[in-house]
Each structure stands twice: as C-alpha cells, then as structure tokens.
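Welcome! Here is a friendly walk through one protein chain, for anyone meeting it for the first time. Have a look at the picture, then read on.

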Amino acid sequence: MKYPGIFLMGFVILLVATAGCMEPDTPSGTTTSVPTTVTPALTPAVITALPPEQIPGGNASVPAPVATITPGSSSDALNLKAGYLFGNGTTWKSEATVYRIWINDTYRWFSPEDNQYYTKVAPAGKKYLFVFISMVCRGTDRAPLPQQNNIYILYDNTIISHDPAHALPTKNPDSSPKVIRIGEIEFSKKRLATEYVEDFGYSHGQRLGYINPGESNAGDGYIIYEVPASLTPENAYLSIVMPQADTAIWKLG
C-alpha cells in the first residue's frame with residue numbers, strides 16, 4: 001500500500017516483525033519529554049530497528065522485514081474500523097483493524113509498586129494519542145503478531161514511534177507481570193471480547209509473539225504516542241509493517 005498524504009520520498013524502514021520494547025518496571029514520576037519523532041531528510045535515509053530477539057513461544061529470531069514507503073494519495077489509506085487482510089497464501093491469514101483513538105494532554109497511570117495513580121502531563125507543544133488495534137488470525141495456524149516497534153504514526157512529514165516513557169508490562173520470575181494501567185481507559189472492553197484492553201502485544205501482562213486462530217484469541221490493545229499538539233485525526237495516519245513486510249495504513253479521522 002502506498003504512503004498516504006504525507007510526501008516522504010525514498011525512505012526504507014528496517015523493522016523487526018517481532019521486536020518488542022521492554023521498559024523499566026515502573027515509569028519515573030517525572031514528566032520528562034522523550035523525543036519520539038524522526039524528521040525525514042531530503043535524501044534517502046535508513047531507520048534501523050532493534051536487533052531481532054527471541055519471542056516467547058517462538059522457535060527462532062525472525063529476520064527484519066524491509067518495507068519501502070513511497071508517496072501516494074489519501075485515497076490509499078483505510079478508514080478507521082476498516083479491516084486489512086495480511087498473510088495471503090499462508091495458513092495464518094489474519095485481519096488487522098484500527099478501531100478507536102483517544103487524545104488528551106494528560107493521562108493517569110497506576111503504579112503497581114505503591115498502588116497509586118499518577119498523572120502524566122504532556123510536555124509543552126505535545127499531547128498523547130492512544131490508538132486501539134485488533135488483530136485476528138482467520139487461518140488454521142498461529143499467526144505472527146506485529147510488535148509496537150513496527151507500528152508508527154505518520155503526521156506532518158514525521159514518523160512517530162510509540163512513547164518509550166510508557167512502561168510496558170515486565171515479566172518477573174517469582175510474581176505476576178507488572179502492568180501499568182491507564183485510569184481513563186482501563187475499563188474499556190476489547191473489540192471482540194469482554195476482557196479489558198491492555199497494551200497492544202500483551203495478554204494479561206505476558207508479551208505475545210503470535211496469536212492463535214479464532215476471534216477469542218485476537219490480539220487487542222492500545223499503543224501510546226507522544227505527538228505534536230497540532231495533530232488532528234483528519235491529518236494523521238497509522239502505519240503497520242506486517243510480518244510479510246507489506247504496509248497497511250489507516251487514516252485516524
């Protein structure tokens with residue numbers, strides 16, 4: 001699929017289809033801004049992702065797929081809640097859907113360390129964008145699940161990665177995973193289930209590398225981005241590089 005509405009020429013993104021981003025057990029109580037945007041240059045540039053890593057339940061590290069983003073028109077983008085089929089010709093054909101967004105200047109996160117909520121305030125000129133994604137394997141075998149490192153916001157000639165200041169669940173050998181709940185959305189239900197949403201790519205605090213067939217096994221959750229305050233859903237897009245290196249893009253408004 002072509003890159004909609006934002007004229008980024010000659011970019012090649014090297015991504016790891018199953019690479020995750022593990023953060024410290026709990027985020028800092030400060031509101032220090034962490035840069036998350038990559039400003040395109042006029043000449044071809046390469047964004048190098050993290051090295052491949054072993055995914056729980058997987059047999060081996062998965063090599064980084066290569067996706068080329070080329071300019072296109074906004075008509076190439078899917079609308080919010082539209083499905084995108086990937087894995088054609090495989091036994092794990094799957095459907096991805098970007099089905100909801102939430103934008104605010106602040107959010108409340110629950111610290112499992114001291115059982116308290118803390119308010120995260122966006123830096124000046126920024127705000128937080130939550131994007132909710134669902135992925136269902138409609139094939140016969142388990143399907144690889146794109147990780148947060150492969151999912152980007154596209155806005156105003158920038159490529160924005162997920163906010164690294166948000167602590168993702170961490171697995172502890174002798175206790176349950178530590179999950180950072182978000183007060184404003186913690187009672188939101190998954191698209192195809194009655195369970196509450198959590199960070200995309202996780203289930204009950206456990207990181208997923210694959211999803212099993214059937215809607216009841218769908219991968220569903222949110223990703224948090226720190227974005228410019230000027231961003232509007234009508235002018236922003238979400239791009240997912242799929243396991244086969246094809247790219248799906250949704251318009252967020």
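Two residues are in contact here when they have heavy atoms within 4.5 Å. With that in mind, among contacts in this chain between residues at least 6 apart in sequence, 76% join residues at least 24 apart. Please remember that the model is predicted.

**How far to trust it**

The chain's mean pLDDT is 76, with 70% of its residues at 70 or more. Residues 1–73 call for care: pLDDT stays under 50 there, although the model has 192 contacts beyond four places in sequence for this stretch. Where pLDDT is low, the predicted coordinates should not be read in detail.

**The overall picture**

What kinds of secondary structure does the chain have, helices or strands? There are 22 strands and zero helices. Of the 253 residues, 48% count as buried. The chain exposes about 11200 Å², and carbon and sulfur atoms supply 53% of that area.

**Strand β9 and its partners**

Strands of a sheet pair through backbone hydrogen bonds, either parallel or antiparallel. A good place to see such pairing is β9, which covers residues 126–137. On one hand, β9 is joined by ten bridges to strand β6 (residues 94–104), and the two run antiparallel. On the other, β9 pairs with strand β20 (residues 219–228), again over ten bridges and in the antiparallel sense. Ile 133 is a handy landmark: Val 98 stands opposite this residue of β9, and its bridge partner in β20 is Gly 221. Eleven of the twelve residues of β9 are buried, so the strand is largely enclosed by the rest of the structure.

**A small open sheet**

Three strands form an open sheet in the order β8-β7-β15, with antiparallel pairing. β8 (116–121) and β15 (181–182) stand at the edges with a single partner strand each, so one side of each is left without a neighbour in the sheet. Two bridges hold the antiparallel pairing of β7 with β15, and Trp 109 has Ile 182 of β15 as its bridge partner.

**Rings that meet**

How many aromatic pairs does the structure hold? The count is eleven. Take Tyr 84 and Trp 250: their ring centres are 6.3 Å apart and their planes stand at 70°, so this pair is edge-to-face. It links distant parts of the chain, with Tyr 84 in strand β5 (residues 83–86) and Trp 250 in strand β22 (residues 247–251), 166 residues apart.

Tyr 107 and Phe 130 make another example, with centres 5.3 Å apart and planes at 90°, so they too meet edge-to-face. Tyr 107 belongs to strand β7 (residues 106–111) and Phe 130 to β9, 23 residues apart. The four residues of these two pairs are listed below.

| Residue | Relative accessible area | Status |
|---|---|---|
| Tyr 84 | 14% | buried |
| Trp 250 | 0% | buried |
| Tyr 107 | 2% | buried |
| Phe 130 | 0% | buried |

Tyr 107 and Phe 130 also belong to a cluster linked by ring pairs, together with Tyr 99, Trp 102, Tyr 128, Phe 132 and Tyr 222.

**Charges over rings**

Phe 132, from that cluster, has Arg 100 over its face, at 4.5 Å from the ring centre. Elsewhere, the ring of Tyr 210 has the charged end of Arg 142 over it, 3.9 Å from its centre.

How values were computed:
Residues numbered from 1 in each chain as written. Predicted model: local features only at pLDDT ≥ 70, side-chain atom pairs only at ≥ 80, totals over all residues. Heavy atoms only, no water. Helix = DSSP H or I, 4+ residues; strand = E, 2+ residues; numbered from the N terminus. Buried < 20%, exposed > 50% of the residue type's maximum accessible area, 1.4 Å probe, protein only. Areas by Shrake-Rupley, 256 points an atom, 1.4 Å probe, with all protein chains shown as cover. Phe/Tyr/Trp six-rings, centres within 6.5 Å; stacked < 30°, edge-to-face > 60°. Lys NZ or Arg CZ within 6 Å of the ring centre and 35° of its normal. Pairing = 2+ DSSP bridges. pLDDT = per-residue confidence, 0-100.
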